Every structure is written in structure tokens, then in C-alpha cells.
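Me: I would like a close look at one part of this model, namely its sheet arrangement and what surrounds it. Please take the structure below as the starting point.

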Amino acid sequence: QVLLVESGGGLVQPGGSLRLSCVASGMFFSIYTMAWYRQAPGKQRERVAAITDGNSTNYTDSVKGRFTISRDNAKNTVYLQMNRLKSGDTAVYYCYAEGNGPLGNFDSWGQGTQVTVSS
């Protein structure tokens, strides 16, 4: 089992910044893709950004140029730097990882961290 634990959420004013972190722990051989999703009240969960083990990244259009995803493989950690935050970024942010372990391929979700953008 792979456990993902997020941190870094909170309340920030419009135009501000936050950095989310997600640490993976447990038994696994490798993590292929790590990603951040978000879900706002009354809306479907959407993928915000993803990064492969080769450091290829992609972003949903609404965050391009404002958010940056990165990973530290030595620490099994993925980050999401969020700048110029808008009220529309308010949501619960979830970490996601897929990879391979002793029981085969896996995909795991974190418990979520709340990000609120408000004045």
C-alpha cells in the first residue's frame, strides 16, 4: 500500500501564493506519474497538473503560467507551486500517484488539502 500525505493548503488572498507538498510512503519500486487534482463544491474533480518520472509536465489551461509542478524523487515528493491565485482556484486539492510495487501496479490518492482564495 502506498500512502500519500498532502500539506501546504490554507487561506490566501487573491494574487497570493501557496506551495502544496505530497509525500509518498510505503512499499513501491517506482512511481511513474504524480499529479494534483482539485475538486470545488458542486464540481467534478479535475486534473490540475501532472509530472512523469522523466519530468515531463502538463497543466490544465486555467493554471498555465501560474502553477508549477515539480518532484523530488529522492524524497518521493511532489510539489505544486501556485502563484497569482484566483478565487476560482478554491477547492480541495488531491495528490495522485501511480507506479509499481511488490503487489503490481498501483494508483493512490491523498486525503486532500483545502485551498481557499478569498479576501
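In what order do the strands of the open sheet of 4 strands follow one another, and is their pairing parallel or antiparallel?

Reply: The model is a predicted one, and the description that follows is to be read accordingly. The order of the open sheet is β1-β3-β8-β7, and the pairing among its 4 strands is antiparallel. Strands β1 (2–7) and β7 (67–72) form the edges, each pairing on one side only. From one strand to the next, the twist averages 15°.

Within this sheet, strand β3 (residues 18–26) and strand β8 (residues 77–82) run antiparallel and are joined by 6 bridges. One position illustrates the register: Ser-21 has Tyr-79 in β8 as its bridge partner. In general terms, strands of a sheet pair through backbone hydrogen bonds, in either a parallel or an antiparallel sense.

The chain continues past β8 into the loop that leads to β9, and Asn-83 lies in that loop. Asn-83 is partly exposed because its relative accessible area is 27%, a value that falls between the limits of under 20% for buried and over 50% for exposed. Leaving aside residues up to four places away in sequence, Asn-83 touches Gly-16, Ser-17, Arg-66 and Phe-67. By contrast, Ser-56, which is 27 residues from Asn-83 in sequence, lies 20 Å from it in space, C-alpha to C-alpha.

Beyond the loop, strand β9 (residues 91–101) pairs with β11 in the antiparallel sense over 3 bridges, and Val-92 stands opposite Gln-114 in β11. Strand β11 also pairs with strand β2 (residues 10–12), here in the parallel sense and again over 3 bridges; in this pairing Leu-11 stands opposite Thr-116. The side chains of β11 (residues 113–117) alternate: Thr-113, Val-115 and Val-117 are buried and point to one face, whereas Gln-114 and Thr-116 point to the other and are not buried. The residues named above as standing opposite Val-92 and Leu-11, Gln-114 and Thr-116, therefore belong to the face of β11 that is not buried.

The nonpolar interior draws on both groups of strands. The largest nonpolar core has 29 residues, and Trp-36, Phe-67, Val-78, Leu-80, Met-82 and Tyr-93 have the most contacts inside it. Phe-67 is also one of the residues that Asn-83 touches. At least two residues of this core come from each of β1, β3, β4 (30–39), β5 (46–51), β7, β8, β9 and β11. Another core, of 5 residues, lies apart from it and includes Ala-35, Tyr-37, Ala-50 and Tyr-96.

How values were computed
Residues numbered from 1 in each chain as written. Predicted model: local features only at pLDDT ≥ 70, side-chain atom pairs only at ≥ 80, totals over all residues. Heavy atoms only, no water. Buried < 20%, exposed > 50% of the residue type's maximum accessible area, 1.4 Å probe, protein only. Pairing = 2+ DSSP bridges. Axes fitted to C-alpha atoms, helices over the stretch in contact; angles between N-to-C directions. Contact = heavy atoms within 4.5 Å. Core = buried A, V, L, I, M, F, W, Y, C linked by side-chain atoms within 4.5 Å.
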